[in-house]
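Here is a short note on the structure, set out as numbered points. Please read it alongside the sequence and the coordinates.

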Amino acid sequence: MSEQKKSIVIVGATSAMAEHCARLWAASQPAALTLLGRNLEKTEAVAADLRVRSPGSQVKALQANFSDPQQIRASVDAIAAAGVPDIVLIAHGSLPDQAACQDDLALAADALQVNGISPALFAEAFAGHMQRAGRGTLTILGSVAGERGRKSNYVYGAAKGLLTRYAEGLQHRLAGSGVNVVLVKPGPTATPMTAHLPQRGMASVESVAAQIVAATAKGQPVLYTPGKWALIMLVIANLPRAIFNRMDI
Ligand SMILES: NC(=O)c1ccc[n+]([C@@H]2O[C@H](COP(=O)([O-])OP(=O)(O)OC[C@H]3O[C@@H](n4cnc5c(N)ncnc54)[C@H](OP(=O)(O)O)[C@@H]3O)[C@@H](O)[C@H]2O)c1
């Protein structure tokens, strides 16, 4: 009897972190991967690469509208109709220019949408299907930036903070349901998102992806990756305001 392939859906599948997670999942055992991206050509390219790396896997590329709640619902329902996934990874996001967001509210609105509202709505849409099935793991890529608002990136940080609260709420709702919600808080990681920043001290995308895959397998509620960021953010989050406000961070 042939074993059923693990079914994995990746939203924002062209993200470097997501692509490396997909490679690890497909390398460990053939999987049924559904890749969602805003750009079909780019998503197809990721799918084609995964098919070469893992000929036993089934890899499907789909395009989705990431900013329209109705279309998010329709995309997720269509995927779930073919079978409720074992794993959902929600990965999309973009690092906006903080100063530009302060000057242009449309940019700020876009940044809040893509980093906060859109991933939360994808999580919400998948959560109902997974709750009814009573199984699965929903992994959401947040950020250490969501821990405390800082002048250098509080628009992005606020959106990621929204994801922290949203994931907490989903974890509370789904406790005991058989569904795990994993919130990942990466520190600075070398990917296209951070290519314009100084690279010193950045984590490698390979190491971060390995930790995301391991935390997803365990259903770990919160992952700081690399782990040192748990301590760093504990300190930053608890610094007295009088000290914090004098810091140029
Ligand atoms: N890299 C870091 O240092 C870091 C640190 C903490 C958290 N994170 C988070 O980790 C996740 C993955 O990031 P990454 O470093 O792998 O970034 P990445 O390689 O730059 O990928 C970003 C992804 O988001 C998608 N995206 C960007 N803007 C979008 C929009 N308006 N609508 C829909 N999709 C959009 C991109 O799609 P296209 O390919 O079509 O552009 C791509 O799939 C993100 O949520 C990010 O916020 C990253």
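**Notes on the surface patch and the ligand site**

1. Leu231, Leu234 and Val235 make a nonpolar surface patch of about 310 Å². The model is predicted, and the patch should be read as a feature of that model.

2. One member of the patch, leucine 234, is placed in helix α8, which spans residues 228-238. Leucine 234 counts as exposed because its relative accessibility is 52%, and the cut-off for that class is over 50%.

3. The ligand is surrounded by 26 residues. The closest of these are Thr14, Lys42, Tyr156, Thr189 and Thr191. By class, the shell around the ligand divides into 11 nonpolar, 12 polar and three charged residues.

4. Two helices can be named as contributors to the shell: α1 (16-28) and α6 (154-174) each supply at least two of its residues.

5. Which atoms of lysine 42 and arginine 38 lie 2.7 Å and 2.8 Å, respectively, from an oxygen atom of the ligand? In lysine 42 it is a polar side-chain atom, at 2.7 Å. In arginine 38 it is likewise a polar side-chain atom, at 2.8 Å. For glycine 12, the contact comes from the backbone: an N or O atom there lies 3.5 Å from an oxygen atom of the ligand.

6. On its own, the ligand has 900 Å² of accessible area, and the protein covers 88% of this.

Terms used:
Residues are numbered from 1 along each chain as its sequence is written. This is a predicted model: local features need pLDDT of at least 70, side-chain atom pairs count only at pLDDT 80 or more; totals for chains, interfaces and linings use all residues. Side-chain values use heavy atoms; hydrogens and water are left out. Patches are made of residues with over 30% relative accessible area and no salt bridge: like charges are joined within 9 Å, nonpolar side chains (Val, Leu, Ile, Met, Phe, Trp, Tyr) within 5 Å. Accessible areas come from the Shrake-Rupley method with a 1.4 Å probe; for residues, only the protein chains shown count as cover. A salt bridge is a side-chain nitrogen of Lys or Arg within 4 Å of a carboxyl oxygen of Asp or Glu. Helices (H or I, at least four residues) and strands (E, at least two) are DSSP runs, numbered from the N terminus. Buried means under 20% relative accessible area, exposed over 50%, partly exposed in between (1.4 Å probe, protein chains only). A residue is near a molecule or strand if one of its heavy atoms lies within 4 Å of it. A polar contact is a pair of N or O atoms within 3.5 Å; within protein, one must be able to donate a hydrogen and the other to accept it, and residues adjacent in sequence count only if both atoms are side-chain atoms. Ala, Val, Leu, Ile, Met, Phe, Trp, Tyr, Cys and Pro count as nonpolar, Asp, Glu, Lys and Arg as charged, and the others, Gly among them, as polar.
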